[in-house]
Amino acid sequence: MVRKMLLIRPKYLEMIRPYYDFDLIKVITGVRRSGKSRILEMIIQELLNRGVSNDHIVFMNFENADYDVYRSLTALNDYIKSKIVDQQTHYLFFDEIQHVVEFERALASFKATLPCSIFVTGSTSDLLCGQLATLLTGRTIEFHVFPFSYAEARAYRLQSGKPIPENFLMEYIQWGGFPQRFDIEDEQRRQVFLKQLYESILERDIFRKNPRVDKDKFHAVARYSLATCGKDFAPTNVAHFFTTVNQTPKIEMSRTGVYNYVDLLQKAYLLQSIGRYEVRGKAMLDQTEKFYAVDNGLRTIQTDTFTFEKGFFLENILFNEFLLRGYSVYVGKTYKSEIDFVVINQGKKCFVQVAYLLASEDVIAREFGAFSSIKDEAPKFVLSLDRFDFSRNGIAHLNIEDYLLGKKDLFFT
């Protein structure tokens, strides 16, 4: 049942471990192929190492055809009850549970009537909506899984017996962190893998559930949204881009249509929105300012007709890293400028600007000068790939690779 694994992901296990025997349903979410199933396997291995017997562990992967017969409420209920051998805790693992009809009722019933601890995974945010939210309000806890971080990618390569190439950070910036892609050295094959993965996510998590979606329009919005992550996002402007800008053929697109398609991308965990923080008023707003992609590899395969901008790809990596570390992240707005990120950790904050390289005095002045109108005393940071320390005027400069590897860190007040 448990496959040999090259990489243990300690951050996730540290988050989930305190809840192994807690009376909450552990819901592990994230984009397809980000490693959710492997995390379930790691948890199972830890339980076995603790002395839990095999007959007290039930694992079901509902993307495996062997479990198709259990996709109904009655069949799943009967099967699980047959696996309960005594009144000691049984650990139930349901991978991609959304394939089971009325799974919400099944989980609620198991939780209420059986001696069990329940773990589930799912690849769409609908998992925590609808009946599950109604039946199990306050009885679930969510853990969101991302593709490999840069530190995990290095660890995976080393544990695979491969050296870290000198350009590994640049490769990660371009091709992202989906675990399976690190087993592919050839760039052309890597691109094919990512395109097939992307198409599979769209088909299984969007088109099958929304058969009325206009696929041509959806593909256009998805390609544009992924390729331009990090830039200001206004649905009216996006619709205008497709209907009036030099497109061949032109695509009739409404503002509402753009909203709906972007919402579907978010539900499949392909995009993550970032809200607005009014620096002067110290207020966090729900208003969506920008989107970032779950993984840069999916951005790269969409950039055939768009400019590959390294600065925005770096922002994307850092945005996901902040989320992985449990921070809340916003775009900072002042009366005359914008700060890339306002990062909040347990009620304390800092301000972050991101640059590819501080290659000239003009660039240095622009990035450090972005903080000039901020009177807030919270720490301010400029992050770039430069190795030279450009810190000045109370603003700290950090090397991005050092930050991603935990050699340097932000601090908050």
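**Close-up views of helix packing and cavities**

**View 1. Helix 10 meets helix 11.** Helix 10 (residues 235-244) packs against helix 11 (residues 255-267) at an angle of about 110°, and their axes lie 8 Å apart. Please keep in mind that this is a predicted model. Angles of 65 to 115 degrees count as roughly perpendicular, so helix 10 and helix 11 are roughly perpendicular to each other. On the helix 10 side, the contact is made by Pro 235, Thr 236, Val 238 and Ala 239, and on the helix 11 side by Arg 255, Val 258 and Tyr 259. Sorted by class, this contact has 5 nonpolar, 1 polar and 1 charged residues.

**View 2. Helix 9 against helix 10.** Stepping back along the chain, we find helix 9 and helix 10 packed at an angle of about 120°, with 11 Å between their axes. That angle makes helix 9 oblique to helix 10. The crossing of helix 9 past helix 10 is right-handed. Helix 9 brings Ala 220, Val 221 and Tyr 224 to the contact, while helix 10 brings Val 238, Phe 241 and Phe 242. Which classes do the residues in the contact of helix 9 with helix 10 belong to? The count is 6 nonpolar, no polar and no charged. Val 238 of helix 10 may look familiar, as it is also listed in the contact with helix 11.

**View 3. Helix 8 and helix 9.** Here helix 8 (residues 187-207) and helix 9 (residues 215-227) pack at about 125°, their axes 13 Å apart. The two helices are therefore oblique to each other. Helix 8 makes a right-handed crossing as it passes helix 9. From helix 8, look for Tyr 198, Leu 202, Glu 203, Ile 206 and Phe 207; they meet Lys 215, Phe 218, His 219, Ala 222, Arg 223 and Leu 226 of helix 9. By class, the residues of this contact divide into 7 nonpolar, 1 polar and 3 charged.

**View 4. Inside the largest cavity.** Rolling a probe the size of a water molecule over the atoms shows where empty space is left. How many cavities of 30 Å³ or more does the count come to? There are 3, and the largest holds about 150 Å³ of space. The lining of this largest cavity is made up of 15 residues, with Phe 148, Ser 149, Tyr 172, Val 294 and Asn 320 lying nearest its centre. Which element gives the largest share of that lining? Helix 13 (residues 310-324) does, with 5 residues. By class, the lining of the largest cavity has 7 nonpolar, 6 polar and 2 charged residues.

Methods: Residues are numbered from 1 along each chain as its sequence is written. This is a predicted model: local features need pLDDT of at least 70, side-chain atom pairs count only at pLDDT 80 or more; totals for chains, interfaces and linings use all residues. Side-chain values use heavy atoms; hydrogens and water are left out. On a 1 Å grid over the protein atoms alone, a cavity is a set of points where a 1.4 Å probe fits but cannot get out, and a pocket is an open set with protein on both sides within 12 Å along at least five of seven lines; lining residues have an atom within 4 Å of a point. Grid points are joined across faces, edges and corners, and a volume is the space filled by probe spheres set on the points. Helices (H or I, at least four residues) and strands (E, at least two) are DSSP runs, numbered from the N terminus. Ala, Val, Leu, Ile, Met, Phe, Trp, Tyr, Cys and Pro count as nonpolar, Asp, Glu, Lys and Arg as charged, and the others, Gly among them, as polar. Axes are lines fitted to C-alpha atoms, for helices over the stretch in contact, and angles run from 0 to 180 degrees between N-to-C directions. Angles under 35 degrees count as roughly parallel, over 145 as roughly antiparallel, 65 to 115 as roughly perpendicular and the rest as oblique. A crossing is left-handed if the near helix is turned anticlockwise from the far one by less than a right angle, and right-handed if clockwise. Contact means heavy atoms within 4.5 Å.
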